[in-house]
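Subject: Structure handover

Hello,

I am passing on the structure we spoke about, with notes on what turned up when I went through it. Please look at the model before reading the notes below.

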Amino acid sequence: MTQAAHPADLLPAEADSVPYAVGCFLAAILLFAVMDTLIKFLSAGHPVTQLMFVRSLVALLLVGGFVLARGGVAPLRTRRPWGHVWRAFAGLVSMGCFFYAFKHLPLADVYVLSFAGPLFITALSAPLLGESVGWRRWAAVLFGFGGVVVMAQPSSGMPLVPVLAGLCAALFYALAALAVRGLSRTETSASIVVYLLLTTTAVSGALAVPVWVPPSAMELGLMATVGALGAGAQVLLTQAFRRAPPSVVAPFEYSGMVWASLFGWMVFGDLPTVPVMVGAMVIIGSGLYILHRETLASRRRLGA
């Protein structure tokens, strides 16, 4: 899944180009979908913590090496170490819960649950950041969570723990995103990403040691591919957000549902059920409306 922090300092700024930005964003979503498919495939024989460790380690080597090659340690200096600790903790919990949900649920179901992330961000931005959230956006949040209930069908026998793990992942994704909003006022994007990867590598590595399952050469290659895909997708996201406003490219995140449904069917034989598709439409509609209202509010602030 997409991450809350985009390493915007890793690439040079370029002139705005909406078609190019949208193309980069769509490519990033595709890479994330392939990555998530591999995670689900590998999770059948390997612990979640082991997959998290290899994914984080490979991404750290790629992204950290790129940062050091471009600017040395200067971009990694920080004035808010505890802010990085909290952001990294939220990112670690979100990643672990997503990996667990992928292990036990169809890809498309996890993607639907992940779409609750923007709803959590809107709901939490008022108490945590003091941002104003009007009644229309509150109504959209409640409507969106109604879609989660429709999708999950509490009385249908869908496994409750993986569903709760998916929602927990979306919640901590939102907390990480809100932490990034605060950190970005004083910290570089490179430092936010690198310290996140350092934390997830160290913690998941410590947790993976007792349950480590020796992978075959092919499995180790696939695990390394997961990390490389995640790092590549982050770079593409960076380019997308450099070349166009977030309000332009963000709606294309829902293209991930298409890839999740396709890969879930091709690799695992899973097809989204009718309740999942209905819930997805409700959640996506709520998310797009919230994005529309936030765009209008942003324009009013800029025009004030």
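Cys168 counts as partly exposed, because its relative accessibility is 23%. The cysteine sulfur closest to that of Cys168 belongs to Cys97, and at 3.7 Å the two are too far apart for a bond. A disulfide is a covalent bond between the sulfur atoms of two cysteines. The cut-off for calling one here is 2.5 Å between the sulfur atoms. The search covered the whole structure and returned zero disulfides. Another cysteine, Cys24, counts as buried, with 6% relative accessibility. Please keep in mind throughout that this is a predicted model.

The fold

The protein has 12 helices and zero strands. Read from the N terminus, its elements therefore appear as α-α-α-α-α-α-α-α-α-α-α-α. The protein has 304 residues, and 50% of them count as buried.

Helix H4, residues 107–114, is largely enclosed by the rest of the structure, because eight of its eight residues are buried. The buried residues of H4 include Leu107, Val110, Val112 and Leu113. Asp109, Tyr111 and Ser114 are also on that list, as is Ala108.

Aromatic pairs

How many aromatic pairs does the structure hold? There are seven aromatic pairs. One of them joins Phe89 and Phe172: the ring centres are 6.2 Å apart and the planes stand at 80°, so the pair is edge-to-face. Phe89 is in helix H3 (residues 81–104) and Phe172 is in helix H7 (residues 160–183), so this pair ties together parts 83 residues apart in sequence.

Are the two partners buried or exposed? Phe172 is buried, because its relative accessible area is 15%. Phe89 counts as partly exposed, at 41% relative accessibility. Trp86 joins Phe89 and Phe172 in one aromatic cluster.

A separate ring contact involves a charge: Lys40 lies over the face of Phe268, 5.3 Å from the ring centre.

Contacts across the sequence

Ala177 is also found in helix H7. Ala177 counts as buried, since its relative accessibility is 14%. The C-alpha atoms of Ala177 and Ala90 are 9.0 Å apart in space, while the two residues are 87 apart in sequence.

Helix H9, residues 217–243, contains Gly230. Gly230 is buried, with a relative accessible area of 2%. From Gly230 to Ala33 the C-alpha distance is 9.8 Å, and the two are 197 residues apart in sequence.

Met223 has its place in H9 as well. Met223 counts as buried, at 2% relative accessibility. Its C-alpha atom is separated by 6.2 Å from that of Val54, which is 169 residues away along the chain.

The nonpolar patch

On the surface there is a nonpolar patch of about 760 Å². Which residues make this patch? They are Phe41, Met218, Leu262, Trp265, Met266, Val267 and Leu271. Helix H11 (residues 256–268) gives the most to the patch, with four residues.

Leu271 is another member of the patch, and it lies in the loop between H11 and helix H12 (274–303). Leu271 counts as exposed because its relative accessible area is 61%, and the threshold for that class is over 50%.

To go through the model in order, I would begin with the Phe89 and Phe172 pair, then turn to H4, and finish at the patch.

Regards

Methods. Residues numbered from 1 in each chain as written. Predicted model: local features only at pLDDT ≥ 70, side-chain atom pairs only at ≥ 80, totals over all residues. Heavy atoms only, no water. Patch = residues over 30% accessible without salt bridge, like charges linked within 9 Å, V, L, I, M, F, W, Y side chains within 5 Å. Areas by Shrake-Rupley, 256 points an atom, 1.4 Å probe, with all protein chains shown as cover. Salt bridge = Lys/Arg side-chain N within 4 Å of Asp/Glu carboxyl O. Helix = DSSP H or I, 4+ residues; strand = E, 2+ residues; numbered from the N terminus. Buried < 20%, exposed > 50% of the residue type's maximum accessible area, 1.4 Å probe, protein only. Phe/Tyr/Trp six-rings, centres within 6.5 Å; stacked < 30°, edge-to-face > 60°. Lys NZ or Arg CZ within 6 Å of the ring centre and 35° of its normal.
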